[in-house]
Amino acid sequence: MTEIVKGGNLPVPGQVWRIAVVRRAAGDGVPEVDASALLLDADGRVRGDGDLVFYNQPAHASGAVRLLGQVRDEEQRVADWLEIDTGRVEPGVRRIVITASSEDGTFGQVPDLHIRTVSAATGEQLALYEVDDASTETAFVLGEFYRRDEAWKFRAVGQGYDSGLVGLAEDFGIEGRDPETGPDDEPVPDEEPVPDDEPATAGTPVEAVPEELLAKVREDEADAARTRAQVPVQRPPRLGPRSDIELFGEDFPEFFRSGKGQAVITVDVPIPAGYLIVDSTRKGDGYFSVRTLDEKGNGDVLLASTTLTDHEGRGLLRYDGKRPLRLRVSGYDEHWTVALRPVGTVEVLDGAAEGRGADVLLYTGPAALLTSRLHTRLGHAYFSVRGHEPDGRDHLLATAASRLPGDARPLPEGPLLVQVRSAEGDWSLKVRPPKQSRFWRRAR
């Protein structure tokens, strides 16, 4: 057996091969994983939905590729086995990619993921490729069989996707729509772009954005790349919006301060551990921010950061309750207010929302898709949307460093505190049904 690294390749003799997608068995924080294969033409696209071999379509019509089933061993490992008969592959197929996907977790939570290629006739092991760089991906192209001068080769790919099997398959041309869609299956049309009130004049310099804002864009991208391998918790029964919001934090007396310019605030009301809301306003323009301070007096969590004129925004803080809460307000010689309030003061995200600057909303619905748009005349503007679960886990739902509209991203099942951060411009959010037709629903 030859162990190869990402990008490595080996010749494959013309025979029947079996491929095992191996990983740790699901459970104890490890999500379920499904193996599949796509047959691609010379352009790297499928010729139709039949070129996807997966749990709802376990064999290709040509008989060249089959999903054989799943095997488990006593060491808590599980393998999905596929079979490829290179002699039966149609001439129009130039590549066969082997993929893995997860519907309820990321591959950073899947230990010991690797792909093994074995001769069906002799048991000879051709290649082993181990994935050692998985993080927030929900689908992977692990390896591929491809034609080169009419001979077959195998290559280790290791390309991750954050859109699951559906998004991965769509990148290769699978549409997955039902032949006849009912009213509930019709896609919701995108909103028309909102035109600027005053188009930017040619040659007008773009307003500079503070380096701190651009650093936050990079910080959010880094957060999204980190592995989240925590064990899922059992949620209490959902009893409606009020019960949902109580999962995030208890009530407490509101705290209010006002001032001018720079200041350090010590919160002198009892605040229980949990999530809380930090509202802030500022009259005037220029850069304005609010941060928590750690035990050494250094800046910690950024709660407000804006260049908006007459700022009015809302931040979210998960407070551990272990030390007095102190805040640093930074701004020019302008009047400001800061208020700490319970999470029960947030509004519910019910279908759609719009705003300006920063806000926090409560989502209590089922798993869905979230579309976000940022409307700004700036060439670069910080914008992000995160979803926070009661136990502290969070999900990056949108991020942008430009005025371009965000793509639809998966929105987990509620309850979820949805935190919008925008340094400049108006924004809008829209919740949509999951982009999944009957083609993708498991036949169980």
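Let's start at the beginning of the chain, where Thr 2 stands opposite Ala 127 in β10. Thr 2 belongs to a short strand, β1 (residues 2–3), which pairs with β10 in the parallel sense over two bridges. Keep in mind as you look around that this is a predicted model.

Strand β10 has another partner too. Strand β9 (residues 114–119) pairs with β10 in the antiparallel sense, over five bridges. One of the facing pairs is His 114 and Glu 130, the latter in β10. Follow the chain from β9 to β10 and you trace a hairpin, with five residues between the two strands. In that turn sits Gly 123, whose phi is positive, about 80 degrees.

Now step back to see the whole protein. Strands are plentiful here: there are 29 of them, alongside three helices. Of the 444 residues, 47% are buried. Among contacts with a separation of 6 or more, 75% join residues that lie 24 or more positions apart. The protein exposes about 22100 Å², and carbon and sulfur atoms supply 48% of that area.

What lies inside? The largest nonpolar core has 35 residues, and those with the most contacts inside it are Val 21, Val 65, Ile 96, Ile 98, Phe 107, Leu 142 and Phe 145. At least two residues of this core come from each of β2 (9–12), β3 (16–24), β4, β7 (77–85), β8, β10, β11 and β12. In soluble globular proteins, nonpolar side chains tend to be buried together. Ile 98 makes a good place to pause and look around. Setting aside neighbours within four places in sequence, Ile 98 has contacts that include Ile 19, Val 21, Leu 82, Ile 84, Ile 115, Phe 140 and Leu 142.

From here, turn to helix α1, which spans residues 164–171. Six of its eight residues are buried, so the helix is mostly covered. Those six are Gly 164, Leu 165, Val 166, Gly 167, Leu 168 and Ala 169. Which strands do they pack against? The buried residues of α1 rest against β4 (34–40), β8 (95–101), β11 (139–148) and β12 (151–161). Just after the helix, Gly 173 takes a positive phi of about 105 degrees.

Finally, let's visit the charged side chains. Side chains of opposite charge can pair when their charged atoms come close. The salt bridges in this model come to 25. Four residues, Glu 254, Asp 279, Arg 314 and Arg 341, are linked in a network of such bridges.

Other pairs show how the surroundings of the partners can vary. Asp 394 and Arg 386 meet in a salt bridge, at 2.5 Å from N to O. Asp 394 counts as buried at 18% relative accessibility, and Arg 386 counts as buried at 5%. Asp 391 forms a salt bridge with Arg 393, with the closest N and O atoms 2.9 Å apart. Here Asp 391 is partly exposed, with a relative accessible area of 26%, while Arg 393 is buried at 17%. In a third pair, Arg 147 and Glu 150, the closest N and O atoms are 4.0 Å apart. Are these two partners buried or exposed? Arg 147 is buried, because its relative accessible area is 14%, whereas Glu 150 is exposed at 57%.

Technical notes
Residues are numbered from 1 along each chain as its sequence is written. This is a predicted model: local features need pLDDT of at least 70, side-chain atom pairs count only at pLDDT 80 or more; totals for chains, interfaces and linings use all residues. Side-chain values use heavy atoms; hydrogens and water are left out. Helices (H or I, at least four residues) and strands (E, at least two) are DSSP runs, numbered from the N terminus. Buried means under 20% relative accessible area, exposed over 50%, partly exposed in between (1.4 Å probe, protein chains only). Contact means heavy atoms within 4.5 Å. Accessible areas come from the Shrake-Rupley method with a 1.4 Å probe; for residues, only the protein chains shown count as cover. A salt bridge is a side-chain nitrogen of Lys or Arg within 4 Å of a carboxyl oxygen of Asp or Glu. A nonpolar core is a set of buried Ala, Val, Leu, Ile, Met, Phe, Trp, Tyr and Cys residues joined through side-chain atoms within 4.5 Å. Two strands pair if DSSP finds at least two bridges between them.
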